[in-house]
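Please walk through the fold of this protein, moving from its sheets to the helices that pack around them and against one another.

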Amino acid sequence: MTLFEEFKRRGLIAQMTHEEEIEKLLNNEKVTFYIGFDATADSLHVGHFLQLIVMKHMQNAGHKPIALLGTATTMIGDPTGKTDMRPMLTVDEINHNAECFRKQMERFIDFSEGKAEIVRNGDWFLDMNYITFLRDIGRHFSVNQMLTKECFKTRLEGKGLSFLEFNYMLMQSYDFLYLYQTKGAKLQLGGNDQWSNMLGGVDLVRRVEQGDAYGLTFTLLTTKEGKKMGKTEKGALWLDAEKCSPYDFYQYWRNVADDDVIRCLKLLTFIPIEEIEEMERTMSGAELNQAKSRLAYEVTKMVHGEEEAKRQEEAAKSVFGGAGASEDMPTTALTAEDLQDGTIGILNLLVKAGLAPSNGEGRRLVQQGGISLNGEKVTDPALRVSVDGEVIIRKGKKVFHKIVMG
């Protein structure tokens, strides 16, 4: 099976500029390609993880990845999919974030001599003469055509588009031209939300260099209903263990919706596609749970290491199998000041543990049968809880939280 066929069978490919040429390129040549990452936070998140998976597939097939850290484009902000301007970061903040990205990427991609590169577009943009850029690059772009792009139309119809952000497409397009001229990059990859920006780069290379340049977007990580995955009650699903614990990370994948398991296995793991397709054909109820556990283990292993994946797998078996609490379970420690006559009200406890934003929401959860304490369903919103040793709260079927005395 060729790499192109595998991408197709896994459902990774969304759009391509030149399908036949790209198929030949991936299957018959060793191509240098790049993916851009704007350094907007101090950790990669699960959306970036899908991009790293694609990079690894490409590298395993003998192609050379370039990870482009957007230390310049981050200063401008991509309007794609945004209702407001991106918060302005300082140069120091952007460089710090880029360094965090670099360290995380090195866990997935082999950057040893000649196998891959990391570059920063601040290296060629920050000292560039603006007039020269406008004359040499800006003249190739039609404002009329740019305004028809979805990334701009949405903002123009809403809160408006700043001139600052209007420059983003030109900058990202020039990245492709620069990497084509200096690194021999022929192919840009990215999420499907970047299609308009990528078309600009492909067109610029072909206009300026009359060279072969291609763009391929891959599927965004969404549920079957089309909603973006990777959002939790606590925020984004970060790859940094300090921002999202391995326990929470594992539990997210262990608890994905039934309809999304096979899709996630295809997109986010290196389990042979034939094996996943066989699961898809024969999966029953018990096998569905096994598939969720396999997904959680494989993704956690790649992000946090095999030892941590095994630990979280055992923790999940302990909790869901009724063997007791896990040391990795999210925990809230109460103090004597939290108690009244040695007890705390269940609604106050839910708020304290972050399982409900207010007493009113906690009351609703209890009345709807969504809260259990140590395996016993809570039916009385006025219940007072005595914390003797450990108390395990279960919210719904999948959220577990441990309460201890500090």
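What follows is a guided reading of a predicted model, taken sheet by sheet and then helix by helix.

A convenient starting point is the open sheet of six strands, whose order is β1-β6-β5-β2-β3-β4 and whose pairing is mixed. Its edges are formed by β1 (13-16) and β4 (117-120), and because each of these has a single partner strand, one side of each is left without a neighbour in the sheet. Direction ignored, neighbouring strands of this sheet are turned against each other by 25 degrees on average.

Several pairings within this sheet can be followed in detail. At the β4 edge, strand β3 (residues 64-69) pairs with β4 in the parallel sense over four bridges, and isoleucine 66 is found opposite glutamate 117 in β4. Further along the order, β2 and β5 run parallel and are joined by two bridges, with tyrosine 34 standing opposite glutamine 188 in β5. On the β6 side, β5 and β6 also pair in the parallel sense, here over five bridges, and glycine 191 faces phenylalanine 218 in β6 as its opposite residue. Strand β5 itself is mostly covered, since five of its five residues are buried.

Across this sheet lies helix α11 (residues 168-183), which spans β2 (32-37), β3, β4, β5 (187-191) and β6 (214-218) and runs at about 145 degrees to β2. As a general point for reading such an arrangement, the side chains of a regular strand alternate between the two faces of the sheet.

A second open sheet has five strands in the order β9-β15-β14-β11-β12, again with mixed pairing. Here the edge strands are β9 (331-334) and β12 (376-377), each of which pairs on one side only. Within this sheet, strand β14 (residues 391-395) and strand β15 (residues 399-405) run antiparallel and are joined by five bridges, and isoleucine 392 stands opposite lysine 402 in β15.

Attention can now turn to the helices. Helix α13 (residues 246-254) is mostly covered, with eight of its nine residues buried; among the buried residues are Tyr247, Phe249, Tyr250, Tyr252 and Trp253, and the list also includes Gln251 and Arg254.

Helix α14 (residues 261-268) packs against helix α16 (residues 285-304) at an angle of about 30 degrees, their axes lying 10 Å apart. With angles under 35 degrees counted as roughly parallel, α14 and α16 are therefore roughly parallel to each other, and their crossing is left-handed. The contact involves Val261, Cys264, Leu265 and Leu268 on the α14 side, together with Leu288, Ala291, Lys292, Leu295, Val299 and Met302 on the α16 side. By class, the residues of this contact between α14 and α16 comprise nine nonpolar, no polar and one charged.

Helix α14 also packs against helix α15 (residues 273-282), at an angle of about 180 degrees and with the axes 10 Å apart, which makes α14 roughly antiparallel to α15. In this contact, Ile262, Leu265 and Lys266 of α14 meet Ile273, Ile276, Met279 and Glu280 of α15, and the residues involved divide into five nonpolar, no polar and two charged. Leu265 of α14 thus appears in the contact with α16 and in the contact with α15.

Notes:
Residues are numbered from 1 along each chain as its sequence is written. This is a predicted model: local features need pLDDT of at least 70, side-chain atom pairs count only at pLDDT 80 or more; totals for chains, interfaces and linings use all residues. Side-chain values use heavy atoms; hydrogens and water are left out. Axes are lines fitted to C-alpha atoms, for helices over the stretch in contact, and angles run from 0 to 180 degrees between N-to-C directions. Angles under 35 degrees count as roughly parallel, over 145 as roughly antiparallel, 65 to 115 as roughly perpendicular and the rest as oblique. A crossing is left-handed if the near helix is turned anticlockwise from the far one by less than a right angle, and right-handed if clockwise. Contact means heavy atoms within 4.5 Å. Ala, Val, Leu, Ile, Met, Phe, Trp, Tyr, Cys and Pro count as nonpolar, Asp, Glu, Lys and Arg as charged, and the others, Gly among them, as polar. Two strands pair if DSSP finds at least two bridges between them. Buried means under 20% relative accessible area, exposed over 50%, partly exposed in between (1.4 Å probe, protein chains only).
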